[in-house]
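I sat down with this entry to look up how the strands are arranged and how the chain packs overall. My notes follow in the order in which I checked things.

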Amino acid sequence: MAYKNVLKYSDVTPKADYMNRRQLMGGAAGLFAGMAIGPALGASKYSTDAKPNTFEEISSYNNFYEFGTGKEDPARHAHQLTVDPWSVQIDGMVDKPGSYGLEDILAKVSQEERIYRFRCVEAWSMVIPWYGFELKQLLDMAGVQSGAKYVAFETLVREEEMPGIRSVNIDWPYREGLRLDEAMHPLTIMATGVYDQPMPKQNGAPLRLVVPWKYGFKSIKSIVRVTLTDKQPQTSWNMLQSREYGFYSNVNPEVSHPRWSQATERTIGGGLFAKRKETLMFNGYEEEVAGLYAGMDLAKNF
Ligand SMILES: Nc1nc2c(c(=O)[nH]1)N[C@H]1C(S)=C(S)[C@@H](COP(=O)(O)O)O[C@H]1N2
Ligand SMILES: [Mo]
């Protein structure tokens, strides 16, 4: 990637690097070439080797209620969203509160590909090759103060560009939150792209959270505010239906949603007659994250 002092939104993703690695990993000889040189080229130990969904699937079946509640509404309407320039307000219990320009953030963090499983609470799933950086890098930039225990996030509210703001009955902005240790976990990323493309607007451009062991609604899109706090933040789905959506929302096949089972999932792109996949504890990230919840009753803290 050609280095520039000021990165623009369109410069975020190193297309050439990505394509080279994909080409090496594909094909017959590619399997061995990829194994030998993959790590040198930056393949993350956190990536799954499951087959990713296509770009088309990832960017055409979405939940982004600011653009409507249908799965196709975000792809239909999100082109109206302006994402350049973009800044993130970081406030609350930090040493350096203020408005952080996206270009300035991206100039300081190191980004890489993370191929993650993605499991929506509605019991469908995908595998998505995100591009982005660990949230910890952003929090360290702002300097988290010792009393902080949680991180709260907010999505942009721009009625002129987001038709769902007027038509969908949610107390905007869309809000999410994590415990500080969840936010600092290396699996937790701020994603800026998918495949070799800047983040599609329907997927939450230019900056969205990805927490792969939690239900998809925790992965808040188009973030404009990050607040460090000592109180558990209010979160949109919990505010709407606290009986159905808890603060933690860890993927857990043993804790059913009040209206459906979470034991299995429908894999998007698998075809109409594909067998449902068994849902894994913490969406398959148990080894990495179970320790965060040691001693907690996960049926109570759902
Ligand atoms: N701001 C905002 N973020 C959001 C949502 C939303 O409606 N608004 N939907 C959530 C839900 S329910 C899911 S499953 C994921 C979907 O992400 P994707 O469209 O990139 O697959 O976004 C999450 N983030
Ligand atoms: Mo979801």
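**Contacts and strand pairing**

I began with contacts in the protein between residues at least 6 apart in sequence, and found that 71% of them join residues at least 24 apart. I note here that the model is a predicted one.

I then looked up the overall figures: 52% of the 302 residues count as buried, and the protein exposes about 14100 Å², of which carbon and sulfur atoms supply 53%. The secondary structure comes to 10 helices and 12 strands.

Next I traced the open sheet, in which five strands run in the order S2-S1-S10-S5-S6 with mixed pairing. Strand S2 (98-101) and strand S6 (175-179) stand at the edges with a single partner strand each, so one side of each has no neighbour in the sheet. From one strand to the next, the twist averages 20 degrees.

Within this sheet I checked strand S5 (residues 150-155) against strand S10 (residues 223-229), and they pair in the antiparallel sense over six bridges. Tyrosine 150 has threonine 229 in S10 as its bridge partner.

I turned afterwards to strand S11 (residues 264-267), which pairs with strand S4 (residues 124-134) in the parallel sense over two bridges; there, tryptophan 124 stands opposite arginine 266 in S11. Strand S11 also pairs with strand S12 (residues 277-278), in this case in the antiparallel sense over two bridges, and I found threonine 264 opposite glutamate 278 in S12.

Technical notes
Residues are numbered from 1 along each chain as its sequence is written. Chains are lettered from A and ligands numbered from 1 in the order in which they are written. This is a predicted model: local features need pLDDT of at least 70, side-chain atom pairs count only at pLDDT 80 or more; totals for chains, interfaces and linings use all residues. Side-chain values use heavy atoms; hydrogens and water are left out. Two strands pair if DSSP finds at least two bridges between them. Helices (H or I, at least four residues) and strands (E, at least two) are DSSP runs, numbered from the N terminus. Axes are lines fitted to C-alpha atoms, for helices over the stretch in contact, and angles run from 0 to 180 degrees between N-to-C directions. Buried means under 20% relative accessible area, exposed over 50%, partly exposed in between (1.4 Å probe, protein chains only). Contact means heavy atoms within 4.5 Å. Accessible areas come from the Shrake-Rupley method with a 1.4 Å probe; for residues, only the protein chains shown count as cover.
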